Amino acid sequence: MIYQLKLPELTLKCLTDVVYLQMCFLRYASSRTALDQQSCEKYFSRHRRFRGRYQQIAKWLWGKKRLTFLKLLEKFAQGSTEEKRQWSKQMYREVIEFLQNPVGSITPNINKPTLSWQIAATEFLIKFYDEYLGDSKGAFPKSFFSGSELERFGREKFLSEFEKLNRIKVCPACDDERYSRIDHYLTKIFYPHLSCHPYNLVPICNTCNSDNKGEKNLLGSKSGNLRKLENIFLPYRGDGFQTDTYLKISLEQGLRKPIIIGLKVHPGKDLLERVEVYQYIFNIPDRWQKSIQTIDELVYRQIKQNIQSHVDGNSLKRGNLNIFGVRDLLDGILCNLFDNQGLVQWHFPMTWHLVTLINREIEPAVHSSTPINLENYELLKDIADWLIQDTIPHPVHERRDLAQKLCNVVLNRE
Ligand SMILES: [Zn+2]
């Protein structure tokens, strides 16, 4: 993710309850071949976590509307006892490890033989997401939760809690559109046991979800070996790449034809693989290059508006803005872009585009030992036009001219 995301406490609590419940259903069905409400109730009653609600949980599964859930779990129960036990045990272990300490590997379902009982269990797990988080009206039954205070938790609550805690309005994966989908960061096809996992669900936009990520496996690699969790960016864990990378942009083709070179990692940070995976999954920053003309226009518009409002606000001082004043104005826009990253579309690439412009056009002019010749500075020339000035004065040179004059007084007399 570009931005650091925080996991709301309520989401963590509720979805932790849901994944424990899912795992317990699997373990119950791996302990026998015939399922019935009474034995299910008894199985759940042995776990302290389900105290006071095991009857409702069993009642839920045998409810008329849950026939598909029950059929799938019954199909899973038909697998060989030892195999399904091992299988669900591994899933349970990975679910817990991903809750506590997300390092090492997580085994995708695809690497295993696709036996019918496994397919049924996969569908069973994913169905919880589809019914209660995928649909805007869905919400988990109250009996799923260990706390008594909660009325409903579903897609709407997930998103409203996320919004309350995170200062993010745009998709945290692409910085472009508004987020609208609850995405399985590790895709549910490969990792069904994480389909309702609190650390695996993140709101992103439709384009990222469907057109770019699709069914790509974040942990898969070209070599065939699985990546470890510590080698990819994880939502809610650590910083996003906003903190430790910058966007390198080239202006070699012209000031108004920026070319994105790529995301570069700050010195001393070991993030290269994470950035590569990110680029492969979401096509970022390649997608920004496709919109670079618009991004460039947005940056220029901000510069122009700021310069013009300076002119309007200082009508008496018109013609007086020097290179240091110009730099201050642009620095102000830069800080504003940075502060609004995550809130307004494309503010991450816009920030680095402006940094590139300042480094290319403003800094050399500020540090120039000769007066500014606008012919050499395309952006400064535009700025002078917007300021209705013929030139951008450089006070150091004015001072130097004065000093030279004073020296000349003495020199000419001798
Ligand atoms: Zn997106």
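At what angle do the axes of helix H1 (residues 9–30) and helix H2 (residues 37–45) cross? In this predicted model, the two axes cross at roughly 125° and come within 10 Å. H1 and H2 are therefore oblique to each other, and the crossing in which H1 passes H2 is right-handed. The residues that make the contact are listed by helix below.

| Helix | Residues in the contact |
|---|---|
| H1 | Leu21, Cys24, Phe25, Arg27, Tyr28 |
| H2 | Ser39, Cys40, Tyr43, Phe44 |

Sorted by class, the contact of H1 with H2 comprises seven nonpolar residues, one polar residue and one charged residue. Arg27 counts as charged and Ser39 as polar, because Arg belongs to the charged class and Ser to the polar one.

A second helix region concerns H10, which spans residues 272–282. Its buried residues are Val275, Val277, Tyr278, Ile281 and Phe282. Because these cover an arc of only 160° around the axis, they lie on the same side of H10. Leu272 and Glu276, on the other side of H10, are exposed.

Which elements cover the buried residues of H10? The cover includes three strands, E4 (201–204), E5 (245–250) and E6 (259–265). It also includes helix H8 (206–213), helix H9 (241–244) and helix H11 (286–290). Asn283 follows H10 and has a positive phi, near 55°.

Notes: Residues are numbered from 1 along each chain as its sequence is written. This is a predicted model: local features need pLDDT of at least 70, side-chain atom pairs count only at pLDDT 80 or more; totals for chains, interfaces and linings use all residues. Side-chain values use heavy atoms; hydrogens and water are left out. Buried means under 20% relative accessible area, exposed over 50%, partly exposed in between (1.4 Å probe, protein chains only). Helices (H or I, at least four residues) and strands (E, at least two) are DSSP runs, numbered from the N terminus. The arc is that of the directions from the helix axis to the C-beta atoms. Contact means heavy atoms within 4.5 Å. Axes are lines fitted to C-alpha atoms, for helices over the stretch in contact, and angles run from 0 to 180 degrees between N-to-C directions. Angles under 35 degrees count as roughly parallel, over 145 as roughly antiparallel, 65 to 115 as roughly perpendicular and the rest as oblique. A crossing is left-handed if the near helix is turned anticlockwise from the far one by less than a right angle, and right-handed if clockwise.
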